[in-house]
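Q: I am new to reading protein models, and I would like to learn how to go from an overall view down to single helices. Could you take me through one chain step by step?

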Amino acid sequence: MSGKFRVGARALRWSAINVLLIGAFLALVSFSRSSTTAHAAPLPNLHVRAIPAFARKYGLPCSACHTAWPELNNFGQVFRDNGYQLGNERDSPIWQNPSYFPITFRITPNWHRESTDHLAIDSVPGGGTGSTLVSGKVQQNGFDLSGMDLWTAGTLYRNISFSLLPSSDSTASFHFENAWVRFDNLGGSAWFNVKAGKFELDNLISEKRFLFLSNNGGLYQIYHYDVPGTTNDFGYGDNQLGVELAGHSKNSYTRYSVSVLSSNDGNVGFTSGSGAPANRGYDVNLAFSQAFNAGSWGLERIGAFSYFGQRPTYYETSTNGGTTLDLVGLGNKSFYRIGVAGDFFLKKLEFLPLFMYGHDNAYLGTGGASTSALPPGAKAPAFVGGFLESHYYVNPQLVFFGRFEKIDVAQQAFVNAGFPSDYGNVTAYAVGYRWYPIMFSRAGLAFHNEYAITKSNGFLPLSGDGGGAQVFSTASPVWSSSIMIGFDFDF
Amino acid sequence: MTLKKVLVTFALGLGFSLLIDLHPGFAQESHVGNLTGNAGSGKQLYRRYCIGCHGPQGDGNGENAPWIDPKPRDFTAATFKCRSTPTGTLPTDEDLDHAVQRGFVTTNMPSWNPLTPQQRADLVAYIKTFSPRWKTEKPGTPINIPPETPVTIESVLHGRELFQKMECWKCHGPAGHGDGPSAATLTDSKDNPIRPYNFSTGSRFKCGETNTDLYRIFMTGVDGTPMPSFADVIQPNDAWDLVHFLRTLQSLHTPEEGLWKKYAAEHPSSIKPIGPDAGGQ
């Protein structure tokens, strides 16, 4: 966390940015303490989930299951672990009014500003005569829409639950974010539940239910990071296809899961030639967490996870008319991610730390087929990183949040490629608040304000900001920032 | 900035936040086991979890109340169904904690077992701020529950006699289905229609699931409902007999049910129907 970076013509020390952002966060917290609170009451890439269909079904406010929606509290976690059942003999659909349909819409009209520097820009717009590529900044701003969630979930019968989430981007292009059926409490035990379909990995810190919405803040960098140059497409935050065996204690203080997943990062269809060629490999994810009661401080949880996967290094192909189709992945090589995470409450203050180590086989790092020899000097790429996130819940209707994230490349794939030693490193900050003027058992509305900034050394930010331009130089850090103001609503 | 400096900055912010997080004066407390509940902390939790049904004033008029059956509890009346204390008295803090922890089966009140014991104790403390009774009265003394008598066919049969004699069937129905002749006319203390418990559904009662819980329900009554206390009417041994009979009405494989089925198969002609014209066993 030491060192220097440059922003435009100014040089700032890490310490200055850290103090500024942390100080701003604490100042907001302090301010919020003195404000009068109301009586009781997820963006451009929209990763987050909440489902007031459950609130409608059970007559509970959003805050019953969420610390601040969409993040789950322990009551919500128990409800989810129980297969969306409260266990009050009213979980089966037969108890519902016949017209009840457990569906939720969610979208976020917003204004946002995206700024990314050190990109390759035409010196003459249009790339006309005399134009060269120069280092420049792309700044975009305006009113926009997030993607949309159209989510239905609940119980098909007692101890059989389901979820179906067609999700669109802001142009209404849909995909299945998740779709699964789960057989709950097998043998009458909460320790045995089996889920099949496409689902989120059993992350202690969920990216699908977190509080950040902006382009640069709306993802955990570490959940989508692969060392630049690797052919591994895995993202720990991506929903995966497979089956999961999971279990929990009655109050979900103890939780575990074991998943067997297709080695295709959750891409559906045995698509040939583009997208996701069929891969006959399988990955395994293991997760465990344990919570402890810390009295008036709240519930403290720690956990560990590990993901062991494989990815193809070449494909069985079909070439016809000059077009080559990738048919089936071959020559699988391994990778893994291991880490620890926590969720710690100090009354209204919550800390979410996560640490992860990632390692890819050298063939994945260099992009070579496993049938060929590795290039001279090739190494197995590895990275180490994590984040520290903090929330302050002023009341159920107002939350301040901040996050610091850091990823360092521990081992480059090529040791003699001439790249800077910090090529591929990422640093990210995000701060914001959400105010929920409407948080009833029928619908929710949040006013969301967020600022996020990331530094990716020599490569494009994971947010995709920059309008599609390439980096000007792999030797330069690319700064990308987002400001977002939006109305996040669901019904 | 070094990691140490970042941590120090966070620590200072944390200390500051905790310092200013002291709750303003709520004198009401609760005592559950070794825990002391704080009403100030409980207020925040109440807003988070309870307000939708029980309402901001604790009067059971939350936004969901019109669509909920049975209606949410009115804390301003300080009348509680599930107690260990005699009818008409305030429950103990443990009683309220058990109710929050257990939830109420077949109602919209879920089990709040996922909350920490301290959180539940805080909620109990805050619930007690809604009624002045908590300032002027003390909770009743929990009733004494003698050891359970042996489960025998004689006990079951005697319990069946009591079920007839005490006219339990008038509300709960001859077979315990909650369909007795008086069932349709029953209202609670707020004049809301209320249904007698149907023994044939579910494995739990609103106030617990064990034989001891069932015994306690007889003896304390279910305040705010037509279910009276039988503490002054039947002796403890009779109450246990009644418990043993009621267990035969449930769709569970209980020892009592086993005894009863065996007896009924062997003595079909000696079993008289329960109802207005019958004499019980």
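The dialogue below goes through chain B of this predicted model, from its overall make-up to its details.

Q: Where should I begin, and how many helices and strands does chain B have?
A: A sensible beginning is to list the elements in the order of the chain. Chain B has 11 helices and 2 strands, and read from the N terminus they follow the order α-β-β-α-α-α-α-α-α-α-α-α-α.

Q: What share of chain B counts as buried?
A: Burial is judged by counting neighbours, and a residue is called buried if 20 or more other C-beta atoms lie within 10 Å of its own. Of the 281 residues in chain B, 42% are buried in this sense. One can also ask how far apart in sequence the touching residues are: among contacts between residues at least 6 apart, 61% join residues that are at least 24 apart.

Q: Into which domains is chain B divided?
A: The assignment gives domain 1, covering 29-136, and domain 2, covering 153-270. Their C-alpha centres are 27 Å apart, and the contact between them draws 17 residues from domain 1 of chain B and 18 residues from domain 2 of chain B. On the side belonging to domain 1 of chain B, the residues divide into 6 nonpolar, 6 polar and 5 charged.

Q: How do I describe two packed helices, and at what angle do helix 7 and helix 10 of chain B pack?
A: One gives the angle and the distance between the axes. For helix 7 (residues 153-165) and helix 10 (residues 236-249) of chain B, the angle is about 95° and the axes are 7 Å apart. Angles of 65 to 115 degrees count as roughly perpendicular, and therefore helix 7 and helix 10 of chain B are described as roughly perpendicular to each other. Among the residues making this contact are Val156(B), Leu162(B) and Phe163(B) from helix 7, and Trp240(B), Leu242(B) and Phe245(B) from helix 10. By class, the contact holds 7 nonpolar, 5 polar and 3 charged residues.

Q: Is helix 4 of chain B mostly covered or mostly open, and against which elements do its buried residues pack?
A: Helix 4 (residues 93-102) of chain B is mostly covered, with 8 of its 10 residues buried. The buried residues include Leu96(B), Ala99(B) and Val100(B), together with charged ones such as Asp93(B) and Arg102(B). They pack against strand 1 (29-32) and helix 5 (117-127) of chain B.

Q: What is the phi of Gly103(B), just after helix 4 of chain B?
A: Gly103(B) takes a positive phi of about 75°.

Notes. Residues are numbered from 1 along each chain as its sequence is written. Chains are lettered from A and ligands numbered from 1 in the order in which they are written. This is a predicted model: local features need pLDDT of at least 70, side-chain atom pairs count only at pLDDT 80 or more; totals for chains, interfaces and linings use all residues. Domain bounds come from an automatic or database domain assignment. Two residues are in contact if their C-beta atoms, placed from the backbone, lie within 7 Å. Axes are lines fitted to C-alpha atoms, for helices over the stretch in contact, and angles run from 0 to 180 degrees between N-to-C directions. Helices (H or I, at least four residues) and strands (E, at least two) are DSSP runs, numbered from the N terminus. Angles under 35 degrees count as roughly parallel, over 145 as roughly antiparallel, 65 to 115 as roughly perpendicular and the rest as oblique. A residue is buried if 20 or more other C-beta atoms lie within 10 Å of its own, exposed if 12 or fewer, and partly exposed in between; C-beta atoms are placed from the backbone.
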